[in-house]
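Here's a quick tour of a protein chain, meant to be read with the model open beside you. We'll begin with a pair of helices and work outwards from there.

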Amino acid sequence: MVDNKEIRRRLNQLIHEHHDDDYSSVSSLLGKNHAYIQQFIKRGIPKHLRPEDRKILARHYGVSQEYLGATSGFSESTTPYSYPTNTLFIAYYDVQASAGMGALNEHDHIVGNLPFNRKQLRDLGCTEPDHLAVLKVDGDSMIPTLNHGDDILLDTRVESARKDGIYVLRNDGALLVKRVSVNPATGFVTVKSDNPLYESWENCPPDRIDLIGRVIWVGRKL
């Protein structure tokens, strides 16, 4: 059986021989945060590759699963697998861990990546992954527009609400999804929920609203 140190060495070699790959892109291939593979290779964290990750890597590099540490009987050598070249991976954040103080881009709060078509993002007005984030809606305050458990894509290039829309904002350490409207005469904003059971905040000074990002896309299970 191949020891774990040798598996890390082999994977590192495969990545460096594949000119289009780096640690971050291979982490994205597995749906992990950008540092996942680097931590595995350099620090041995996690200690072992998960079977599903090993299968993806084996397909991607056209090697057997045994080459990456699978036990006999799981050998698989197939054509390399890779996502289409027009795919961008957007960081998926733990909405609870991302609450509290600090910016949303803290990598410790990334729990995976979600693939998007580059043209789809261009049509939404943003193609830079560093300016985008995916969160899961927590709660029912935006029903019927957004349901609990919906995935939402945020454009984080916002400092203040300059136009009406649905935004994620931070309030008392919690991340909230709310509809924000701007009074064109006063510049004050109203923050409200689509669910009428929740109260609204009227005529708020814009500098008192801690905006995280504007919601530009939603995905849900049917």
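## Two helices that cross

Start with helix 1 and helix 3: the first passes the second in a left-handed crossing. Keep in mind that this is a predicted model. Helix 1 covers residues 4-17 and helix 3 covers residues 36-43. Their axes come within 9 Å and cross at roughly 130°. That angle is why helix 1 counts as oblique to helix 3, since anything over 145 degrees would be roughly antiparallel and 65 to 115 roughly perpendicular.

Which residues in helix 1 and helix 3 meet? On the helix 1 side they are N4, I7, R8, L11, N12 and I15, and helix 3 brings I37, F40 and I41. Sort the residues of this contact by type and you get 6 nonpolar, 2 polar and 1 charged.

## L30, in the loop before helix 3

Now look at L30, in the loop between helix 2 (23-29) and helix 3. Is L30 buried or exposed? Its relative accessibility is 9%, so L30 counts as buried; the cut-off for that is under 20%.

Leaving aside neighbours within four places in sequence, L30 is in contact with Y36, I37, D53, I56 and L57. I37 turns up here as well as in the meeting of helix 1 with helix 3. There's also a long jump in sequence to look for: L30 and G112 sit 82 residues apart along the chain, yet their C-alpha atoms are 8.4 Å apart in space.

## Strands 6, 7 and 8

Further along, strand 6 (residues 174-182) runs antiparallel to strand 7 (residues 189-192), and 4 bridges join them. To line the two up on screen, find S181, which stands opposite T190 in strand 7. The hairpin they form has 6 residues between the strands, and G187 takes a positive phi near 80° there.

Strand 7 has another partner in strand 8 (residues 201-204). These two are also antiparallel, with 2 bridges between them, and V191 stands opposite W201 in strand 8.

## Zooming out

What does the secondary structure of the whole chain come to? It adds up to 5 helices and 9 strands. Along the sequence, the pattern reads α-α-α-α-β-β-α-β-β-β-β-β-β-β.

The chain has 222 residues, and 43% of them count as buried. Among contacts with a separation of 6 or more, 51% come from residues 24 or more positions apart.

Technical notes
Residues are numbered from 1 along each chain as its sequence is written. This is a predicted model: local features need pLDDT of at least 70, side-chain atom pairs count only at pLDDT 80 or more; totals for chains, interfaces and linings use all residues. Side-chain values use heavy atoms; hydrogens and water are left out. Two strands pair if DSSP finds at least two bridges between them. Axes are lines fitted to C-alpha atoms, for helices over the stretch in contact, and angles run from 0 to 180 degrees between N-to-C directions. Angles under 35 degrees count as roughly parallel, over 145 as roughly antiparallel, 65 to 115 as roughly perpendicular and the rest as oblique. A crossing is left-handed if the near helix is turned anticlockwise from the far one by less than a right angle, and right-handed if clockwise. Contact means heavy atoms within 4.5 Å. Ala, Val, Leu, Ile, Met, Phe, Trp, Tyr, Cys and Pro count as nonpolar, Asp, Glu, Lys and Arg as charged, and the others, Gly among them, as polar. Buried means under 20% relative accessible area, exposed over 50%, partly exposed in between (1.4 Å probe, protein chains only).
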